[in-house]
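Here's a quick walk through one protein model, written for someone who would rather look at residues than read a methods section. Keep the viewer open and click along.

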Amino acid sequence: MLESPDRPARRFSPVASLLILFGLMVVLSAVSQIALIYPLVKWLTGADLSAAGTSLFTNPTAYPHSWAAMMLMQGINSLFSFTLTALIYWYLIEKRNIVFIEKGSPDPLIWAAVLVLVISYIPFNSLIFEWNQKLPLPEWMVNSEKQLETLTKFLTQFPDFLHFIVGLFVIAVLPALGEELLFRATLQKLFQRWWGSPHLAVWLAAAIFSAYHMQFMGFFPRMILGAMFGYLYLWSRNLWIPVFAHFVNNGFVVLMIYLRGQKLVDIDVENNESIPLTSALVSGVIALSLMRIIYTRLKPQIPEA
């Protein structure tokens, strides 16, 4: 019989727990950079990340093997900062096995509904993104966003199938597992335990999830997406459901970029041109309807707040 996630072996105050959790993230991130990322990137590209003024991030094409190096950086960072942080926190601090996240057993229709939900939500999400971009932001945020956009376009160049598979693993698989472990199975679960409100827990974890990405021109659409993942976890009590949703969201974009690069489709998912309002609203209605269907089918196993 699985232990209740609301009855940990030892209990820390909310502030202490958050400090420990984010302290673990900082330490593991630093260890991964010093022990793995810095030497591997220097070996591959010749760039010294420990030195000020390196242009690897602003001008990656000037370095050999920069795509492989930056994919390696992304993968290692995701593994250490998210996955290992969450697993070590539950094992060492909570003294519990994180296996309790697999309690629920959704039927196959839930997986299919989640797949359609995530893809059908994309046009409405684009509308929110367009609105978010029009909000006045400090200049440093705008400049940071432009740099990240340039970097993202560089990383999503998939000239062949091998590059696509590597990109799919680093951009979709690792973040889906690691970020859901940290933000949903850990932060959201802790917030709900501390304050007793599942809705507050979902939205607070989603806001932190979005803020962590440091892409403020897409803060609100990412937060809403995080809330969607949070409710899927809350209702299903099975972390693999939001992990799957997260993978579909990232993986669909990677797939469409690859197919367009191979001239197999004409759809440009990176195009930020306005989505027709009617299409966006239909997308939103479909997504809400699917969320309602998923909630209804999972309702019998949802614990009372």
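In which loop does Lys263 lie? Lys263 sits in the loop between H8 and H9. Before going further, a word on the model: it is predicted, so local features need pLDDT of at least 70, side-chain atom pairs count only at pLDDT 80 or more, and totals for chains, interfaces and linings use all residues. Residues are numbered from 1 along each chain as its sequence is written, and side-chain values use heavy atoms, with hydrogens and water left out. As for the labels, helices (H or I, at least four residues) and strands (E, at least two) are DSSP runs, numbered from the N terminus.

**Loop residues**

Back to Lys263, which has a positive phi of about 60° although it is not a glycine. Most residues other than glycine have a negative phi. Arg237 is another such case, with a positive phi near 60°, and it lies in the loop between H7 and H8. For solvent exposure, buried means under 20% relative accessible area, exposed over 50%, and partly exposed in between (1.4 Å probe, protein chains only). Here is how some loop residues come out:

| Residue | Loop | Relative accessible area |
|---|---|---|
| Lys263 | between H8 and H9 | 75%, exposed |
| Arg237 | between H7 and H8 | 30%, partly exposed |
| Asn271 | between H8 and H9 | 36%, partly exposed |
| Thr156 | between H4 (139-155) and H5 (161-195) | 10%, buried |

Asn271 also makes a nice sequence-versus-space example: Asn271 and Ser126 are 145 residues apart in sequence, and their C-alpha atoms are 9.9 Å apart.

Thr156 counts as buried because its relative accessibility is 10%. A polar atom of its side chain lies 2.8 Å from the backbone oxygen of Thr152. That fits the polar contact cut-off (a pair of N or O atoms within 3.5 Å; within protein, one must be able to donate a hydrogen and the other to accept it, and residues adjacent in sequence count only if both atoms are side-chain atoms). Contact in general means heavy atoms within 4.5 Å. Leaving aside neighbours within four places in sequence, Thr156 is in contact with Ile171, Ile257 and Glu270.

**Two residues inside helices**

Now click on Ser32, in helix H1 (residues 14-45). Ser32 is buried, at a relative accessible area of 0%. Its side chain reaches the backbone oxygen of Ser29 at 2.7 Å. Not counting residues up to four places away in sequence, Ser32 touches Ile37, Ile76 and Phe80.

Pro221 is in helix H7 and is buried too, with a relative accessible area of 3%. Leaving out neighbours within four places in sequence, Pro221 is in contact with Asn125, Ile128, Phe129 and Asn132. Leu92, by contrast, is 129 residues from Pro221 in sequence and 34 Å from it in space, C-alpha to C-alpha.

**The nonpolar cores**

A nonpolar core here is a set of buried Ala, Val, Leu, Ile, Met, Phe, Trp, Tyr and Cys residues joined through side-chain atoms within 4.5 Å. The largest one has 29 residues, and Val114, Leu117, Met228, Leu232, Trp235, Met291 and Ile294 touch the most other members. Helices H3 (108-133), H6 (198-212), H7 (219-236), H8 (240-261) and H9 (277-298) each give two or more residues to this core. H7 gives the most, with 10 residues. Met228, leaving aside neighbours within four places in sequence, is in contact with Leu117, Tyr121 and Met291. Apart from this core lies another, of 16 residues, among them Met71, Ala172, Ile257 and Leu259.

**How the helices cross**

Axes are lines fitted to C-alpha atoms, for helices over the stretch in contact, and angles run from 0 to 180 degrees between N-to-C directions. The axes of H3 and H9 come within 8 Å and cross at roughly 150°. That makes H3 roughly antiparallel to H9, given that angles under 35 degrees count as roughly parallel, over 145 as roughly antiparallel, 65 to 115 as roughly perpendicular and the rest as oblique. Residues meeting across this pair include Val114, Leu117 and Tyr121 in H3, and Leu290, Met291 and Ile294 in H9.

The axes of H2 (residues 66-93) and H5 come within 9 Å and cross at roughly 25°, so H2 and H5 are roughly parallel to each other.
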